[in-house]
Amino acid sequence: MLSNTAKDYESIIDRIKPVGNVYIEVKNKLAEQKEVVSKIRDASSIYNTFCIACHASGVSGAPRFGNVNDWASRIAQGKQIMQDNVIKGLNAMPEKGLCMDCSDDELLQVIEYMIKDL
Ligand code: HEC
């Protein structure tokens with residue numbers, strides 16, 4: 001009954017091959033999607049990774065998250081200037097607020113996030 005000849009194996013392999021290929025395709029797609037997702041960072045996660053160290057408690061005079069008094073004069077100069085200052089660094093604030101791989105646009109989004117409730 002069990003006649004597992006080389007030919008039988010070949011025909012079995014032929015039959016399961018398409019399934020195997022679909023599996024590999026799905027697996028590759030998932031890996032691609034995972035990579036894309038890991039590249040998407042929202043403003044809050046950037047803030048919580050980099051900026052929070054100084055901007056939660058106001059280290060060296062850093063304007064504190066969501067604090068109207070700390071932010072009023074800075075907001076008055078406009079977002080463009082704030083963005084430039086973060087990109088270049090400002091006094092005790094290091095360049096890019098230490099998020100070295102942040103894009104200019106991401107930094108702007110984080111600034112907006114820090115002042116969203118004012
Ligand atoms: C090592 C501490 C430190 C880190 C980390 C840091 N900051 Fe700052 N930040 C400061 C200090 C200090 C100031 C005030 C600088 C001054 O006016 O002398 C400041 C000022 C700012 C300002 C106001 C700039 C202006 O034009 O008045 C913005 C906006 C800002 N930070 C955004 C960020 C963002 C976004 C991050 C994270 C990506 C970040 N900071 C990370 C210390 C830090």
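**Ligand site and iron coordination**

In the predicted model, a polar side-chain atom of Asn91 is placed 2.7 Å from an oxygen atom of the ligand. Asn85 makes a comparable approach, with a polar side-chain atom 2.7 Å from an oxygen atom of the ligand. A nitrogen atom of the ligand is in turn approached by His55, a polar side-chain atom of which lies 2.8 Å away.

The ligand occupies the largest pocket. Two or more residues of the surrounding shell are contributed by each of the helices α2 (43–55), α3 (68–76), α4 (79–88) and α5 (104–114). In total, 26 residues surround the ligand, and those that come nearest are Cys51, Cys54, His55, Gln77 and Met93. By residue class, the shell comprises 17 nonpolar, seven polar and two charged residues.

Two of these nearest residues, His55 and Met93, also serve as the protein donors of the iron atom of the ligand. The donor atoms are NE2 of His55 and SD of Met93, at 2.0 to 2.1 Å from the iron atom. The iron atom is surrounded by six donor atoms, and the arrangement is octahedral because the angles that they subtend run from 85 to 179°. For reference, ideal angles for six octahedral donors are 90 or 180 degrees. His55 belongs to helix α2, whereas Met93 is found in the loop between α4 and α5; the pair therefore ties together parts that are 38 residues apart in sequence.

Local features were also identified at both ends of α3, one of the helices that contribute to the shell. At the start of α3, a side-chain oxygen of Asn67 comes to within 3.1 Å of the backbone nitrogen of Asn69. After α3 comes Gly78, which has a positive phi near 100°.

Technical notes. Residues numbered from 1 in each chain as written. Predicted model: local features only at pLDDT ≥ 70, side-chain atom pairs only at ≥ 80, totals over all residues. Heavy atoms only, no water. Near = heavy atom within 4 Å. Polar contact = N/O pair within 3.5 Å; in protein donor to acceptor, adjacent residues only side chain to side chain. 1 Å grid on protein atoms, 1.4 Å probe; cavity = no way out; pocket = protein on both sides within 12 Å on 5 of 7 lines; lining within 4 Å. Sits in = over half its atoms within 2 Å of the grid points. Helix = DSSP H or I, 4+ residues; strand = E, 2+ residues; numbered from the N terminus. Nonpolar A, V, L, I, M, F, W, Y, C, P; charged D, E, K, R; others polar. Donors = N, O, S within 2.8 Å, 3.2 Å for Na, K, Ca; no water. Tetrahedral: all angles 85-135°; square planar, octahedral: opposite > 155°, others 65-115°.
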